[in-house]
Amino acid sequence: MAAKWLKNAVFYEIYPQSFLDTNGDGIGDMEGIIRKLDYIKDLGCNALWINPCFDSPFKDAGYDVRDYKKVAERYGTNDDLIRLFDEAHKRKMHVLLDLVPGHTSEEHEWFQMSQKAEPNEYSDRYIWTSFCFEGCPGLPYIGGESERSATYILNFFKCQPALNYGFLNPDKPWQTGINDPAAIATREAMKDVMRFWLDRGCDGFRVDMAASLVKFDDEKKSGTSAIWKNIREMLDKDYPEAAMVSEWSDPKLALRAGYDMDFYLSHPGNAYPTLMQDYGRDPNAPDNSYFKKDSDHDITRFLPEYLDWYEDTKDIGYISMITCNHDTIRASLHLDASELKLAYAFIFTMPGVPFLYYGDEIGMRYQFLPTKEGGYFRTGSRTPMQWDNSKNLGFSTADADRLYLPVDPADDAPTVAGQESDPESLLNTVRLILKLRHKEKDLQSDGPFEALHAVKGEPFVYRRGEIIIAINPGTEPAVVPVDIAGKTPLFTIGTADFDGKAFHIGPQSFVALK
Ligand code: GLC
Ligand code: CA
């Protein structure tokens with residue numbers, strides 16, 4: 001069963017490097033997050049996910065952890081993070097940290113010990129073959145870098161050696177089973193990391209590459225799932241209100257493995273990109289997203305996959321829809337403010353627990369930039385938050401050339417201050433939708449969902465309990481093709497009205513009726 005506080009949770013994802021710099025060194029910090037808690041709460045988000053903020057050489061923006069139990073100096077101290085937990089709790093907000101269980105930095109002490117020629121407690125903490133020239137077919141590996149005569153497996157970039165959680169069917173001398181002592185030791189070490197932060201006030205974790213623990217023979221993920229179930233047992237016993245969200249994008253597996261929530265990610269092949277990023281890996285390719293006003297508006301490219309996942313998992317946990325994240329191109333690259341309003345109104349009125357990526361509430365723009373800290377194309381979605389029109393758009397008092405990344409140079413770069421006073425702004429629209437979600441129980445995480453009308457090129461209509469929602473993303477007015485007698489509008493973007501016979505919805509409009 002998912003943690004109770006998730007019923008009405010709306011998350012705000014913070015990339016700490018780029019949120020708010022309070023000591024003028026050009027990089028965001030814990031104090032910056034603390035100072036903006038009221039802003040986040042007022043926006044309608046009552047929970048945070050903070051990208052990795054731990055000691056790291058930052059070859060993958062902190063997803064290469066050198067010390068799981070130490071806040072990176074550039075963000076502050078452990079005490080600052082604990083203060084953030086306390087300040088959040090005072091405001092009835094919750095905070096998830098980012099747990100990276102599949103790999104560490106090659107500079108982590110465990111790996112430094114593991115690569116020694118002399119066998120020691122950490123020799124099998126990572127996956128090593130038996131000989132300096134023996135690789136592992138099917139998995140990336142590195143040789144020639146260690147004292148010990150062996151190669152080691154990578155989990156992602158070269159700087160990220162894979163931790164050893166064992167193999168489902170070990171068939172090489174160097175492969176341990178998932179219940180062998182070395183594999184159990186890795187799992188226990190990760191539990192120890194979790195306990196460390198949970199004991200200090202953290203409310204749970206977003207889990208990086210959650211499906212990656214057991215390697216290639218785990219197609220059905222039974223090995224990886226068994227490990228997560230074991231970890232869940234610890235949480236249920238000692239931290240029953242802790243929440244876990246997985247980077248897995250297979251809720252049927254993830255929620256059964258003990259996760260409270262699983263992200264619906266814009267992975268190639270998933271239906272999610274058809275909503276707002278329908279251009280594959282090439283940002284310059286044409287975009288046929290459902291929410292683009294000139295697309296073919298085919299919600300049936302999304303719905304079957306969603307319904308299959310939702311029906312199968314609605315009693316055990318939540319699917320988490322995102323506006324974007326630190327790995328994805330911001331939707332504002334192709335969607336204008338009116339298109340974004342409809343996309344967000346949809347995401348925030350769907351079941352499950354939604355996540356808003358910092359800056360998406362003002363439509364911050366994707367920047368074409370050289371890579372930073374292993375970001376590559378992702379770097380352009382990680383630029384500093386745009387607060388106001390002061391120096392560096394209010395992000396930092398440092399000289400512009402010292403900033404973690406440049407701020408949006410456009411004269412009309414959107415800012416929070418600039419959108420505050422405009423009732424029609426994206427920022428204020430997000431506030432209104434989230435207010436509605438908090439007010440109407442049916443719109444919350446576990447409220448019911450039913451698609452009422454889903455036909456290509458026609459308004460999409462769905463029911464959330466007593467509330468009926470219609471969306472018309474196109475440029476022509478339309479008749480809502482569902483009987484909504486007796487209902488009156490609660491919230492509208494664009495126009496919607498009843499002419500005595502039929503309910504009409506204007507172009508690029510959204511209406512929630514009760
Ligand atoms: C996840 C993170 C991504 C990181 C990778 C390796 O996909 O979201 O940012 O680079 O894992 O840890
Ligand atoms: Ca700083």
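In this predicted model, aspartate 60 reaches ligand 1 with a polar side-chain atom, which sits 2.7 Å from an oxygen atom of the ligand. Glutamate 247 does likewise, with a polar side-chain atom 2.7 Å from a ligand 1 oxygen. For histidine 103, the distance from a polar side-chain atom to an oxygen atom of ligand 1 comes out at 3.0 Å. On its own, ligand 1 would expose 310 Å², and the protein buries 96% of that area.

Looking at the wider shell, 13 residues surround ligand 1. The closest are Asp60, Asp208, Glu247, His326 and Asp327. Sorted by class, the shell holds seven charged residues, along with three polar and three nonpolar ones. As for where all this happens, the space that ligand 1 takes up is the largest pocket.

The domain picture helps to place the ligand. The assignment splits the protein chain into domain 1 (4–100 + 265–441), domain 2 (103–162) and domain 3 (448–513). Between domain 1 and domain 2, the contact involves 13 residues from domain 1 and twelve residues from domain 2. The centres of these two domains, taken over C-alpha atoms, are 34 Å apart. Ligand 1 lies between domain 1 and domain 2 because both of them give residues to the shell around it.

Note on methods: Residues numbered from 1 in each chain as written. Chains lettered and ligands numbered in written order. Predicted model: local features only at pLDDT ≥ 70, side-chain atom pairs only at ≥ 80, totals over all residues. Heavy atoms only, no water. Near = heavy atom within 4 Å. Polar contact = N/O pair within 3.5 Å; in protein donor to acceptor, adjacent residues only side chain to side chain. Areas by Shrake-Rupley, 256 points an atom, 1.4 Å probe, with all protein chains shown as cover. 1 Å grid on protein atoms, 1.4 Å probe; cavity = no way out; pocket = protein on both sides within 12 Å on 5 of 7 lines; lining within 4 Å. Sits in = over half its atoms within 2 Å of the grid points. Nonpolar A, V, L, I, M, F, W, Y, C, P; charged D, E, K, R; others polar. Domains from an automatic or database assignment. Contact = heavy atoms within 4.5 Å.
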